[in-house]
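I'm opening a fresh page of the notebook for this one. I'll jot down what I look up, one topic at a time.

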Amino acid sequence: MVQIIRESDEIMLTIAPEGTRARAEHWKSGFYYMALEAEVPIAVTVIDWGHKRFGIVGYVQPTGDIEADFAAIRELLRGVQGHTPQNMTPVIPKPAQP
């Protein structure tokens, strides 16, 4: 995927990092590592049922400090309400595998 991104003049790849419609303990992090390696920003996009809005709320350029970068994503998502709030997964990265 990184090679495709690098070779494209223009590309938009959409990934749902929560991964499912049910609550999980963390976000999947593949989107983060793809953006980091391809050296492209992450467009943080919302479907906000609470404010009845849809769209990009900001960009995060991955730095390699996944905790700090996810903190920036969390900040952009503060106040956003999903369709089923009890199913919203916390904006934390998948723990590293030992």
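Below are my entries, starting with the whole chain and ending with single residues.

**Entry 1: what I'm looking at**

First note to self: this is a predicted model. I went for the secondary structure before anything else. I found three helices and two strands in the protein chain. Reading along the sequence, I get the order α-α-β-β-α. Next I checked how the chain packs. Its radius of gyration is 14 Å, and the globule rule gives 13 Å for 98 residues, which is close, so the chain is as compact as a globular protein of that length. I also looked up the spans of the C-alpha trace along its principal axes, and they come to about 40 × 35 × 20 Å.

**Entry 2: inside and outside**

How much of the protein chain counts as buried? I get 28% of the 98 residues. For the surface, I noted that about 7,000 Å² is exposed, with carbon and sulfur atoms supplying 55% of it. Then I looked at contacts between residues at least 6 apart in sequence, and 54% of them join residues at least 24 apart. Charges came last on this page. I have 9 positive and 12 negative ones, and their mean positions sit 11 Å apart.

**Entry 3: the aromatic rings**

I went looking for ring pairs and the count came to five aromatic pairs. One of them is Y32 with Y33, an edge-to-face pair with 5.3 Å from centre to centre and 90° between the planes. These sequence neighbours have their own accessibility values: Y32 is at 0% and counts as buried, while Y33 is at 44% and counts as partly exposed.

Y32 has another partner. Its ring centre is 6.0 Å from that of F70 and the planes meet at 55°, so I wrote this pair down as tilted. I like this one, as it links distant parts of the chain: Y32 belongs to helix α2 (residues 30-38) and F70 to helix α3 (residues 66-77), 38 residues apart. Both Y32 and F70 are buried.

Which residues make up the aromatic cluster? My list reads W27, F31, Y32, Y33 and F70, and they form one cluster.

**Entry 4: A38 in helix α2**

I stayed with helix α2 and picked out A38, which is found there. Is A38 buried or exposed? Its relative accessible area is 8%, and the cut-off for buried is under 20%, so A38 goes down as buried. Leaving aside neighbours within four places in sequence, I see A38 in contact with V2, I5 and R6. For R6 I also looked up the spacing: A38 and R6 are 32 residues apart in sequence, yet their C-alpha atoms are 6.2 Å apart in space.

**Entry 5: S29 and K94**

I moved to S29, which lies in the loop between α1 (2-7) and α2. Being in a loop made me check its accessibility, and at 10% S29 counts as buried. Not counting residues up to four places away in sequence, S29 touches I66 and K94.

That led me to K94, placed in the segment after α3. K94 has 40% relative accessibility and counts as partly exposed. With the same kind of neighbours left out, up to four places away, K94 touches H26, W27 and S29. I noted that W27 is also a member of the aromatic cluster. One more distance for K94: its C-alpha atom is 10.0 Å from that of P17, and the two residues are 77 apart along the chain.

**Entry 6: two positive phi angles**

Last, I looked at backbone angles. E39 has a positive phi of about 60°, although it is not a glycine. E39 is placed in the loop between α2 and β1 (42-48). At 64% relative accessibility, E39 counts as exposed.

K52 is another non-glycine with a positive phi, here about 50°. I found K52 in the loop between β1 and β2 (53-60). Its relative accessibility is 78%, and K52 counts as exposed.

Technical notes
Residues numbered from 1 in each chain as written. Predicted model: local features only at pLDDT ≥ 70, side-chain atom pairs only at ≥ 80, totals over all residues. Heavy atoms only, no water. Helix = DSSP H or I, 4+ residues; strand = E, 2+ residues; numbered from the N terminus. Rg over C-alpha atoms; globule rule 2.2 N^0.38 Å. Buried < 20%, exposed > 50% of the residue type's maximum accessible area, 1.4 Å probe, protein only. Contact = heavy atoms within 4.5 Å. Areas by Shrake-Rupley, 256 points an atom, 1.4 Å probe, with all protein chains shown as cover. Lys, Arg positive; Asp, Glu negative; His and termini not counted. Charge placed at Lys NZ, Arg CZ, Asp CG, Glu CD. Phe/Tyr/Trp six-rings, centres within 6.5 Å; stacked < 30°, edge-to-face > 60°.
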